[in-house]
Amino acid sequence: MPTLTLHAPTALERGFAAIRNEQDVPVGFPADVLAAAETARPAPIERRDARDLGLVAIDPPGATDLDQAYAGERRGDGYRVYYAIADVGAFLEPGGPIDLEARRRGVTLYSPDLRTPLHPPIISEDRASLLPNSDKPALLWTIDLDGDGLPIGVRLERAEVRIREAITYREAQARIDAGVADESLALLPEIGRLREAREADRGGISLSLPSQEVVSHDGSYALAYDEARPIEGWNAQLSLLTGIVAGTTMHDAGVGILRTLPPTSRQDLGTLRRQADALGVAWPEGLDYPDFIRTVEPTTPHRAAFLLKAARAFRGAGYDGFDVEGGIERPEQPEHGAIASIYAHVTAPLRRLVDRFGNEVLLALHADTRPPSWALEALEELPSLMGRAASRTSALERAMVDYLEAKVLEPHVGETFDGFVVDLDERRGRAVVQLGEPAVVANVAPEGRALAERVRLRLDAVDPTGRTVTFTPQT
């Protein structure tokens, strides 16, 4: 795979900076926000002492903004899951400089060479982050599961925790595979598989899609298709479990904010079945969509093309805030269609604005009190704030990948590459071709193309500044 070795200062990194400037990505924090962060400390409130739980944070290599940590134990025929969430709200004054700046940003933004955090680093990567070997304020979920992995008891409380260690997905997977994981970590696959089975029972869907990512390593950047390990799926089930119990609690209480997604329509399912037939992906009669899609892995061009189509069958994800007592009704469609459950985002407050507000509502509900007025007042505004943040995130990611595609391909004008058609977009007049190596997605004219068709493309032109590449199909 072509890579670029960088030496600071580099033209490539100047290009990344130009994209951030073009897309109005914040540079640093205003002085008043930094001053507030320097003096921010958790208020001296009552917290459960949970420093003995043996919590472990499992994250990508190099992560310092650690939102979650896990511990598990057997409880009779079932399990007890402890899930600690960073208590970023303990460091913010509602309506203060840090809070207002976070509302403007919405999410942490990621570039190949830089992370643009939601909160000042002294908070998000130090004081509020669940880093190991120091006492931290946290929101502690205690979720009891029965032997089938279904929740039978839930509690949320403010706590003081001490993370035993922070490990990477690779290290966690290696310990599990070698049989040297401690009891808590060794339970994660067991709990994760049970939750995957319950997801299947609900009709929930987790698609196994390869996606482009920019990889930075030892001073070089490359494009690659990511590969997930089983541990990532099991760990994701903990977050999903927490989001489901959180969303259900808020919905039942008539106050909160949900992550919603309309279910796939009958028309879309009919189209998907026809596309499966066209691509030669066998969809047995009588097998419903959720059960079928779990059997499809992106192991061939035909299957990868079908999975891309399946992912696009779910459209319209958003947030819905409600407060029945305050006159804002619950959403008519409260579920997340892909998860097949009521669901809320509450497990990443260091990196996502909405989670902090949902957590404050939940803390009040678990304490049998009315949520604070500042959290209730934000429920109507949060969906639009998060929508703008999502649009900015998507545009930034696409621009960075397009730019790096052009830079990676720049020395290879005139060469030919093999790929296959993963999408036909007649409305935009393009066929989308996924190259095998480098990890580039190219657009060509759709005429005469078919899904999963193998094609050979000649690279005719590259414009890094305009972030475009031009290919011509070869016969």
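Select Phe357: at 0% relative accessibility, this residue counts as buried (under 20% relative accessible area, with exposed meaning over 50% and partly exposed in between, for a 1.4 Å probe and protein chains only). The model is a predicted one, in which local features need pLDDT of at least 70 and side-chain atom pairs count only at pLDDT 80 or more, while totals for chains, interfaces and linings use all residues. Residues are numbered from 1 along each chain as its sequence is written, and side-chain values use heavy atoms, with hydrogens and water left out.

**Aromatic rings**

A search of the whole structure gives 5 aromatic pairs; rings of Phe, Tyr and Trp (its six-membered ring) pair if their centres lie within 6.5 Å, and planes under 30 degrees apart count as stacked, over 60 as edge-to-face and the rest as tilted. Add Trp374 to the selection: its ring and that of Phe357 have centres 5.6 Å apart and planes at 70°, so this pair is edge-to-face. The pair links distant parts of the chain, with Phe357 in helix α11 (residues 353-366) and Trp374 in helix α12 (residues 373-378), 17 residues apart. Helices (H or I, at least four residues) and strands (E, at least two) are DSSP runs, numbered from the N terminus. Trp374 counts as partly exposed, at 21% relative accessibility.

Next, select Phe417 and Phe471. Their ring centres are 6.2 Å apart and their planes at 85°, so this pair too is edge-to-face. Phe417 belongs to strand β17 (residues 416-425) and Phe471 to strand β21 (residues 468-474), 54 residues apart. Phe417 is buried at 8% relative accessibility, and Phe471 is buried at 6%.

Move to Trp283, Tyr289 and Phe292, which form one aromatic cluster. Show Arg273 as well: Arg273 lies over the face of Trp283, 4.2 Å from the ring centre. A charge sits over a ring if NZ of Lys or CZ of Arg is within 6 Å of the ring centre and within 35 degrees of the ring normal. Then select Arg259, whose charged end sits over the ring of Tyr319, 4.6 Å from its centre.

**Helices α5 and α6**

Select residues 169-178, helix α5. Which residues of α5 are buried? They are Tyr169, Ala172, Gln173, Arg175 and Ile176. Seen down the axis of α5, these buried residues fall within an arc of 160° (taken from the directions from the helix axis to the C-beta atoms), so they line one face of the helix. On the other side of α5, Arg170, Asp177 and Ala178 are exposed. The buried residues pack against β3 (56-59), β10 (165-168), α6 (183-202) and α7 (230-253). Gly179 follows α5 and has a positive phi, near 75°.

Now select α6. Its 20 residues should span 28 Å at 1.5 Å a residue (1.5 Å times one less than the number of residues), and its end C-alpha atoms are 29 Å apart, which agrees. Among the buried residues of α6 are Ser184, Leu185, Arg195 and Glu199. Just after α6, Gly203 takes a positive phi of about 90°.

**Strands β8 and β9**

Select Asp144 in strand β8 (residues 135-145). Asp144 is buried, with a relative accessible area of 19%. Leaving aside neighbours within four places in sequence, Asp144 is in contact (heavy atoms within 4.5 Å) with Tyr79, Arg80, Leu150, Pro151, Ile152 and Gly153.

Finish at Leu156 in strand β9 (residues 151-162). Leu156 is buried, at 5% relative accessible area. The C-alpha atoms of Leu156 and Thr142 are separated by 6.5 Å, although the two are 14 residues apart along the chain. Not counting residues up to four places away in sequence, Leu156 touches several residues, including Leu139, Trp141, Asn359 and His366.
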